[in-house]
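Let's sit down with a model and practise reading it, one feature at a time. Ask away as we go.

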Amino acid sequence: MRNILLKIRYDGRQYHGWQVQENGRTVQEDFQRALYEVIGERPDIKGCSRTDAGVHANMFCISFHTAHSIPAERLPHAINRFLPGTIAAFEACDVPEDFHARYSCKGKEYIYKIHNAPFRDPFLDGYALHYWHPLDEHLMGQAAAHLLGRHDFTAFCTVDHSRQKGDFHRTIQNIGVKRDGDMVTVTVQADGFLYNMVRIIVGTLLYTAQGKIRPDRMPDIIRSLDRKQAGPTAPPEGLYLNRVFYAL
């Protein structure tokens with residue numbers, strides 16, 4: 001048996017997230033169907049994350065064991081023949097027996113795209129949050145800087161006991177807000193993320209831009225451990241799982 005790490009990217013607009021569920025089409029379902037066409041097996045596949053409905057991925061990592069002999073470098077080309085246009089594999093390699101796409105992960109990076117313009121762009125519909133009020137990305141960056149380091153991020157988490165248990169401490173290693181024309185991008189890299197953590201961070205940063213939360217209040221919000229103290233949960237369409245990090 002071999003253990004393979006496969007990387008894909010996908011457009012999340014048509015999906016109810018990664019994980020197979022009864023109430024809608026999922027990325028995992030389409031991926032498993034395509035994988036079966038290539039290797040003739042239905043292995044227990046491990047995903048690096050559980051992205052929600054409407055969330056995209058520039059990099060999503062999957063691991064699985066197989067007895068098939070196809071060279072790893074040929075697997076992306078082979079599986080892309082059977083994947084829908086919303087999903088594309090782009091890299092694969094053999095990994096150690098005990099590698100796990102989720103539990104071997106050392107960190108992830110998410111980006112959130114905000115189209116900050118007076119009028120919406122139909123070509124960005126579903127790919128960025130349209131936000132027509134003026135945004136001061138420098139003010140948002142000042143607020144974001146307070147989130148750096150290791151904290152209990154309970155205030156920035158939607159509590160769902162079916163998917164979030166145990167320690168709510170996470171370490172944000174990098175966070176920033178950058179403007180390129182009308183596009184404002186929030187980047188967050190951490191050793192792990194809580195449910196809706198990035199979307200709540202973005203919603204809170206937007207509140208700072210609106211003057212509803214002062215940037216220097218961020219430490220108080222963290223210490224409060226109270227979800228009501230932070231801003232709203234930003235919509236899913238602007239969120240992308242951008243990079244996944246492993247010690248390989």
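**Reading a buried strand residue, a helix and two loops**

A: Start with what one residue touches: leaving aside neighbours within four places in sequence, Leu-241 is in contact with Cys-48, Ser-49, His-56, Ala-57, Asn-58, Met-59, Phe-60, Lys-108, Glu-109 and Tyr-110. Keep in mind that this is a predicted model.

Q: Where is Leu-241 found, and is Leu-241 buried or exposed?

A: Leu-241 sits in strand E10, residues 239-246. Buried means under 20% relative accessible area, so at 0% Leu-241 counts as buried. You can also set sequence against space: Leu-241 and Tyr-112 are 129 residues apart in sequence, yet their C-alpha atoms are 8.9 Å apart.

Q: Can we try a second strand residue? What does Gln-189 touch?

A: Gln-189 belongs to strand E9. Not counting residues up to four places away in sequence, Gln-189 touches Lys-108, Glu-109, Thr-171, Ile-172, Gln-173, Asn-174, Arg-243 and Phe-245. Its relative accessibility is 17%, so Gln-189 counts as buried too.

Q: Now helices. Which residues of H3 are buried?

A: In H3, which runs over residues 137-145, they are Glu-137, Met-140, Ala-143 and Ala-144. These cover an arc of only 120 degrees around the axis, so they lie on the same side of H3. As for what that set packs against, look at strands E5 (105-115), E8 (169-180) and E9 (183-190), plus helices H4 (197-209) and H5 (218-224).

Q: What happens at the start of H3?

A: There, a side-chain oxygen of Asp-136 comes to within 3.0 Å of the backbone nitrogen of His-138.

Q: How do the axes of H3 and H4 cross?

A: They come within 9 Å and cross at roughly 130 degrees. That angle makes H3 oblique to H4. On the H3 side, the contact is made by Leu-139, Met-140, Ala-143 and Ala-144, and on the H4 side by Leu-205, Leu-206, Thr-208 and Ala-209. As for handedness, H3 passes H4 in a right-handed crossing.

Q: Last topic, backbone angles. What is the phi of Asn-196, and what is the phi of Leu-225?

A: Asn-196 is not a glycine, but has a positive phi of about 65 degrees. Leu-225 is not a glycine either, and its phi is positive at about 55 degrees. Asn-196 lies in the loop between E9 and H4, while Leu-225 is in the loop between H5 and E10. With 14% relative accessibility, Asn-196 counts as buried; Leu-225, at 42%, is partly exposed.

Note on methods. Residues numbered from 1 in each chain as written. Predicted model: local features only at pLDDT ≥ 70, side-chain atom pairs only at ≥ 80, totals over all residues. Heavy atoms only, no water. Buried < 20%, exposed > 50% of the residue type's maximum accessible area, 1.4 Å probe, protein only. Helix = DSSP H or I, 4+ residues; strand = E, 2+ residues; numbered from the N terminus. Arc of directions from axis to C-beta. Contact = heavy atoms within 4.5 Å. Polar contact = N/O pair within 3.5 Å; in protein donor to acceptor, adjacent residues only side chain to side chain. Axes fitted to C-alpha atoms, helices over the stretch in contact; angles between N-to-C directions. Parallel < 35°, antiparallel > 145°, perpendicular 65-115°, else oblique. Left-handed = near helix turned anticlockwise from the far one by under 90°.
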